[in-house]
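Good morning, colleagues. I would ask you to look at the sequence and the structure together while I speak.

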There are 2 protein chains.
Amino acid sequence: MYLGAIEAGGTKFVCAVGDEEGNIYERVQFPNTVPEETMQRVVDFFQSYHLEAIGIGTFGPVDLNKKSPTYGYITNTPKPHWSNFNFVGTIQKYFHVPIGFDTDVNAATLGELFWGRAKGKNSCIYMTVGTGIGVGAIVEGRLVHGLLHPEMGHILVRRHPDDTFAGSCPFHGDCLEGLASGPSIEKRWGKRGADLSEQNEVWELEAFYLGQAIAQYILILSPEQVIIGGGVAKQSTLLPLIHHHVLNHLNGYVQHEVILKHIDDYITRPGLGDNAGICGALALAKQALRG
Amino acid sequence: MYLGAIEAGGTKFVCAVGDEEGNIYERVQFPNTVPEETMQRVVDFFQSYHLEAIGIGTFGPVDLNKKSPTYGYITNTPKPHWSNFNFVGTIQKYFHVPIGFDTDVNAATLGELFWGRAKGKNSCIYMTVGTGIGVGAIVEGRLVHGLLHPEMGHILVRRHPDDTFAGSCPFHGDCLEGLASGPSIEKRWGKRGADLSEQNEVWELEAFYLGQAIAQYILILSPEQVIIGGGVAKQSTLLPLIHHHVLNHLNGYVQHEVILKHIDDYITRPGLGDNAGICGALALAKQALRG
Ligand SMILES: Nc1ncnc2c1ncn2[C@@H]1O[C@H](COP(=O)(O)OP(=O)(O)O)[C@@H](O)[C@H]1O
Ligand SMILES: Nc1ncnc2c1ncn2[C@@H]1O[C@H](COP(=O)(O)OP(=O)(O)O)[C@@H](O)[C@H]1O
Ligand SMILES: [Zn+2]
Ligand SMILES: [Zn+2]
């Protein structure tokens, strides 16, 4: 039984053929140019397999509303030629199989639930802290969609009293993304995150904001596992500081030993590492097959 | 087809017999005394019906984890004699039917989804602002439980710059509940909410906090409907002010016409009014029957 997986990024595509256990048999990678050319390469790669389902985890914004006439489209993207592109419809023309379609972050979240750090669990959140802050959530085994899709990176956090940085979100200024994304670190401290490893106050402040946000997610979603990925989370000092701040914010209110005693297993780096994206697309294929 | 419903409150119980359409045929109400006596009255009331399922929406705290040995128990309640009471087990002894069991807020949320303001939708949140602030959430048709259960009333909100009140939450001081519950209004302004109707600044500040919290819930859960009940929400000036603050906090980011154009239909009072509790218990019975 073969499943197809597409990790569609703004600059590159990864395609893979795998199975329901998360094994990957073959993969290719190529640049994302214009839709015609890029999709042709996808189709060529898959053509020699008898696929049972295909999963697509993609850059966005996308239309995920199954009742909408533009379901499965990339909507208004700054990426040239991709606005209003019917992604699902194009794939469906060549492959008459169930197709799973979701954002890249949601795909990674599902991949972690099926085969990564949240394996065996019923709920989790996956947070990526990089150029932006994106969060995917799974509740009772299902990705949270709702009215649109969650925009958890844009919640408000309380400012640290010593932080005078105005924030970099074009919509909200000093929302979480505006205060704690990679570019906001760079703007506040005048250097890129990767070059600030030695400066403790950078990661102390970063953990103050991320820990506060994660505490809010825990109070609202009560996930069984919290996973943090993305470039900024590569700073090895960050995770223990986040653990401290989450406990501090919850202040003993969420009385569960997973939080009180095992926070270092509860809030972790991803289990799938650099395969999170493509495994996530495979997970979407598996889910599409089961309906 | 008859379904049984139990709305178990700290001071009183309401029991009803109804059906899958949310019709109620008979109901009784009696004080909550000690478990033996109170449960005997429940059993006596239901005995003459051939029930297909029973739903229980109850005061708490409760154990909702189906894998736990104390699932279906009231846990450490201040209410005398009710701590560690096996609620589901006791009912199950008399009635060998599926039993739905959840918190009172979650029950009301499900009731609103089945037969109230969120009818026909797949997701919603129900917020009650009274002695405490409780919120139930439904995602993809299912109540959010997770690790424990959400404690959305205790999220952090940014303080209004003019508000010097310390907050009344014993755990967090100035979390949402500490700043915006009925008792915190009373402590801040020196009068009960019901006697402050004329004072605009009270409701302006209240809407500032509730609107901010609801904006966070929308960003995190993306519900298709938001419902606000409880004593404090009876202030008729409050809802339009909340609409204003929610739009203000989201600042055009969640681009959906339900929010941008129809916020007064999107954030509303409950549809079931004073029947929310008992209808919610009936909804739990219906859900238990379907599995
Ligand atoms: N080791 C690191 N430490 C701190 N910040 C980093 C590190 N690596 C990348 N970043 C920051 O993360 C952001 C890029 O995020 P990344 O997750 O790698 O890609 P993207 O979010 O664009 O997919 C940049 O702002 C970069 O400065
Ligand atoms: N009309 C009203 N306006 C403002 N506050 C009110 C009103 N009615 C009740 N309250 C406040 O709401 C709280 C009680 O909430 P309620 O929802 O009635 O009960 P509970 O939360 O205890 O079940 C009290 O703090 C009370 O002061
Ligand atoms: Zn923002
Ligand atoms: Zn609190």
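Let me begin with a question: how many Å separate an oxygen atom of ligand 1 from a polar backbone atom of A:Gly231? The distance is 2.8 Å. Please bear in mind throughout that this is a predicted model, and that every value I quote is computed from it.

I shall stay with ligand 1 for a moment. Besides the backbone of A:Gly231, two side chains offer polar atoms to this ligand. A:Thr131 places a polar side-chain atom 2.6 Å from an oxygen atom of ligand 1. A:Gln235 has an N or O atom in its side chain at 2.9 Å from a nitrogen atom of the ligand. On its own, ligand 1 would expose 560 Å², and 63% of that is buried by the protein.

Which residues make up the surroundings of ligand 1? From the earlier part of the sequence come A:Gly130 and A:Thr131, followed by A:Gly182, A:Pro183, A:Gly193, A:Ala194 and A:Trp203, and then A:Gly230, A:Gly231, A:Val232, A:Lys234 and A:Gln235. Sorted by class, this shell holds four nonpolar residues, seven polar ones and one charged one.

I turn now to chain B and ligand 2. Here the side chain of B:Thr131 brings an N or O atom to 2.6 Å from an oxygen atom of the ligand. A polar backbone atom of B:Gly231 lies 2.8 Å from an oxygen atom of ligand 2, and a polar side-chain atom of B:Gln235 is found 2.9 Å from a nitrogen atom. Of the 560 Å² of accessible area that ligand 2 has by itself, the protein covers 62%. The shell around ligand 2 includes B:Pro183, B:Trp203, B:Val232 and B:Lys234, and its residues divide into four nonpolar, seven polar and one charged.

How are the two chains related in space? A turn of 180°, with a shift of 0.0 Å along the axis, lays chain B on chain A with an RMSD of 0.0 Å. The two copies are therefore related as by a two-fold rotation axis. Which residue of chain B comes closest to that rotation axis? B:Arg158 does, with its C-alpha at 2.7 Å.

Next, I would draw your attention to the strands of chain B. Strand 7, residues 99–103, is mostly covered, as five of its five residues are buried. Strand 7 pairs with strand 4, residues 51–58, in the parallel sense over five bridges. Within this pairing, B:Gly100 of strand 7 is the bridge partner of B:Gly55.

Strand 3 of chain B, residues 24–31, contains B:Glu26. Is this residue buried, exposed or partly exposed? B:Glu26 is partly exposed, because its relative accessible area is 33%, a value between the limits of 20% and 50%. B:Glu26 and B:Gly4 stand 22 residues apart along the chain, and their C-alpha atoms are separated by 9.9 Å.

My last residue is B:Ser236, which sits in the loop between strand 11 (226–229) and helix 7 (238–250) of chain B. B:Ser236 has a relative accessible area of 65% and is therefore exposed, the cut-off for that class being over 50%. From B:Ser236 to B:Arg188 the C-alpha distance is 20 Å, with their positions 48 residues apart in sequence.

Thank you for your attention.

How values were computed:
Residues numbered from 1 in each chain as written. Chains lettered and ligands numbered in written order. Predicted model: local features only at pLDDT ≥ 70, side-chain atom pairs only at ≥ 80, totals over all residues. Heavy atoms only, no water. Buried < 20%, exposed > 50% of the residue type's maximum accessible area, 1.4 Å probe, protein only. Helix = DSSP H or I, 4+ residues; strand = E, 2+ residues; numbered from the N terminus. Pairing = 2+ DSSP bridges. Near = heavy atom within 4 Å. Polar contact = N/O pair within 3.5 Å; in protein donor to acceptor, adjacent residues only side chain to side chain. Areas by Shrake-Rupley, 256 points an atom, 1.4 Å probe, with all protein chains shown as cover. Nonpolar A, V, L, I, M, F, W, Y, C, P; charged D, E, K, R; others polar. Least-squares fit on C-alpha atoms with pLDDT ≥ 70 in both.
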